[in-house]
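I set out to look up how the aromatic rings are arranged and how one of the sheets is put together. My notes follow in the order in which I checked things.

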Amino acid sequence: MNNSNGAVYDAWIASASIPPDTVRLLLQQYGDAERCFNAVRSGEDEITGMLTPRFRMILEKNGREDNLKRLENLIQAHDIRVLRFDDPQYPVLLSEISQAPAILFYQGELNCLHRRLLAMVGSRAASYKGQKAARKLAADLSMKGISIVSGLACGIDAASHLGCLDGGSPTVAVTACGLDSVYPKENIRLHDEILLKQGLILSEYSPGEKPSGWHFPIRNRIIAGLSQALILIEAKIRSGSMTSVQHTLEQGKDVFVYPGDPESDYFEGNHQLLREGGIYFTSAEDILEDMHWLDNPSAVRQNIESCPEHTGLPPEQQAVILALKPGAIGFDQLLAGTHLDPPTLMSTLTIMQISGIIESLPGKKYQLKH
Amino acid sequence: MSDILAKALSFGVSGVNGYPVHVEVFATGGLPVMEIIGLPDASVRESKNRVTAAIINSGREVNPYRITVNLAPADIRKEGPSFDLPIALGVMIATDQLHPDPRVDMDHIAFFGELSLDGCIQAINGALPMVISAKENGVSSVILPEKNAKEVSCIEGIRILPVSHLKQVIYWLENLEGITEQLQTSFDTLKTEAVISTDMSQIRGQKGARRAIEVAAAGGHNMLMIGVPGSGKTMLARCIPGILPPMSFEESLETTRIHSICGKLPAGNGLMVTRPFCSPHHNASVASLIGGGQDAKPGEVSLAHNGVLFLDELPEFSRSALEALRQPLEDGIVSVARVRNQARYQSSFMLVAAMNPCPCGYYGSSRRSCRCTPPEIRKYLDRVSGPLLDRIDLQIEVDSVPLNEINDSEPSESSFTVAGRVEKARRAQLERYKGTGRHCNAQLNNEEVRRYCTPDPEAVRLLHMAVDSLHLSMRAYQRILKVSRTIADLEGTDHISSAHVAEAVQYRELDQKYWR
């Protein structure tokens, strides 16, 4: 483990955006970042040979007293710690990928990385359905002791983290900016919640680094690299989520694809992947089975088949269930389908919402919860 | 040549109230000019040119005197052309052109009217408050423009003499004949003239939303509709005045007064018997909404008094305009203070607001996909502040109606039928709140909600479960109780059951879906 003084020099190296392989060479050569720093400052020939003049210039500039002071303040204020590639804690799976980060910054509990990890990715501007599905799936997996890795973005990312927290397992977020800030701002509460629940937040970017567009696809290799497989919830054909899929496939891992509504263009990427051989699943149990993580397969199967029986409910509620069987519909269609009058239907819907049989969607639509 | 002082009585308007104005005319020798004093505004000052022309065109002369017209009290600013007629009469008497019959008691006759150059008498603004004030000041007869006669015909105990030309007034003053007195119109007769601009039977489908506006009307609850463009939010809102209970005489008087001083009353109309429906555009300024301008004129909230204020595209209204609505929503009265004047106007209206669920309008729509990002949607919804949402009891979602339902031949219920149920529910409320100063469920405060809206134990249990499982806020809890009171009133029972509470929960759904 590095002390906080050493962490400043790690942050200093990371702030120059040098390719990870070069950073690894430097660290191997000099032993640690502080010695590297001294070498750069004294202008040793050897280090000049390892670095391009441009990187040297940036390192020298970033090595000024005031900048080091700033980095140190950030590290201390946000309790940021460092995980180097040669640390025994550094996850083996991640070290095997190409361009594995040499230095990682983290907040929270590092031992999360020893859990069973699955990545969940999807669109930021996600459909309501996709978010619901992500949250439920993450919760189900989490209840089976699996932690979810995602990117702390809006939409599917946030839903996956939240679901994982719902299920009681800690969750891992890999961000695309320095750990001193949270991007997007909306997720500050989620960020705090993750840390509160013994989760982990990781980044390869030096504290103080702002999120840039090109960080995200690069960051996605870490999300893929940390996990044993990846679950795609919702993506259009050209999207950031598809780069995560690409990284996962390059790393030789499985990609599970959520079979969204084929009519909706929110899921066009999912269906393309399914055609190309993505793994189809409908529930957490499917994934557990494919990952060979089922302790007692038959027990779970049974659990799924014993769907909630809706017998013994009052006739209005049964009429509503019948009308909702084909999928989500609006209030007026429900009226037509159930032949109830508006006040009765409204109160029936409330009672069914409370008892968890149905849920309401934006646009005054209702659907069965299972 | 003798100096003569002539007097004529008229009235001015300040705020929504009239006050007596004594028009004094003094003619004396000197340079032939006419001067008007007593803080006249430009339209009163120009009166002298109209008066001169009108007198000549009525067959009298304007002799070369030095004429001073004083409008007493001299410290209140006078505005508007309604003093033309009394000034003209005063000038004619002072210059020896007109000799009223000795039986005419000039101290108890009030004159209003704008003159045109040919002597015709034009309609004026604010006739209703002026005549009411005249009656209170012991005036026995008023002479006013023909076009304003109907507006004031409901006021009892004062003789209304409508005129159309200055000649007619001159003849009447000299001979006491030539004007037909305006007949009293009873308020009940007027009521039959009420028109429903948009009838509920024109709405196809939307059964859920129809029920919601019925509940809102029955309890006087403010309401917010969220829905995709073209789902019929505006049309639903336009139906509301037609299903609210008919206006009482007092309500009608209050509303007509405000419309009268703004000149918004259609010429030739009597008291307003149809509840007003005001829908200001979303670029409306605070002053146009609340009232203002140099003379502190009433704004849209007061024009909507006893009626419906409809704010379409709610988040597009400026923040300051929306925040300014809080006082009138709370107190039913708005005080406007401006440079020259300050006034308090009544403004107890039912707020009906409509908005899209997101900037592009299609969030949650099944027909088109939304292209807004989550932060954009959040930013859009956040433009409606919590304190304003706090004052809105019903929030509903309106989805567009499928084509096959639009062509559905089954006719919807008419406004008349719905209004019957609403009136019954309102009567029950009036009975219950007798002597408390309240007259509908929407006005109850938290304390009164506890007293009057107590559901049975079963329903309380249901409500607590709903609050728990649907993550409703405390403010939603209070609103649900109020609305379930109204639903029970609509059903004609005093007893709030679980079905009522469960239905009321449906009108708070947006809390969970949008504002979390």
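I began with the ring cluster in this predicted model, where ring pairs tie A:Phe256, A:Tyr258, A:Phe267 and A:Phe281 together. Searching the whole structure, I found ten aromatic pairs over all chains. I then looked at the pair formed by A:Tyr258 and A:Phe267, whose ring centres are 6.1 Å apart and whose planes meet at 55°, so I entered the pair as tilted. For exposure, I noted that A:Tyr258 is partly exposed, its relative accessible area being 23%, whereas A:Phe267 is buried, with a value of 2%.

Next I looked up a charge placed over a ring, and recorded that A:Arg24 lies over the face of A:Phe85, at 5.5 Å from the ring centre.

I turned then to an open sheet of three strands in chain A, which I read in the order β10-β12-β11 with antiparallel pairing. The edges are taken by β10 (329-330) and β11 (358-361) of chain A, and because each has a single partner strand, one side of each is left without a neighbour in the sheet. Following β10(A) inward, I found two bridges joining this strand to β12 (residues 365-368) of chain A, the two running antiparallel, and I noted A:Ile329 standing opposite A:Tyr366 in β12(A).

Lastly, I checked what packs on the sheet: helix α18 (residues 342-354) of chain A does, touching β11 and β12 of chain A, and the helix direction makes about 110° with that of β11(A).

Notes: Residues are numbered from 1 along each chain as its sequence is written. Chains are lettered from A and ligands numbered from 1 in the order in which they are written. This is a predicted model: local features need pLDDT of at least 70, side-chain atom pairs count only at pLDDT 80 or more; totals for chains, interfaces and linings use all residues. Side-chain values use heavy atoms; hydrogens and water are left out. Rings of Phe, Tyr and Trp (its six-membered ring) pair if their centres lie within 6.5 Å; planes under 30 degrees apart count as stacked, over 60 as edge-to-face and the rest as tilted. Buried means under 20% relative accessible area, exposed over 50%, partly exposed in between (1.4 Å probe, protein chains only). A charge sits over a ring if NZ of Lys or CZ of Arg is within 6 Å of the ring centre and within 35 degrees of the ring normal. Two strands pair if DSSP finds at least two bridges between them. Helices (H or I, at least four residues) and strands (E, at least two) are DSSP runs, numbered from the N terminus. Contact means heavy atoms within 4.5 Å. Axes are lines fitted to C-alpha atoms, for helices over the stretch in contact, and angles run from 0 to 180 degrees between N-to-C directions.
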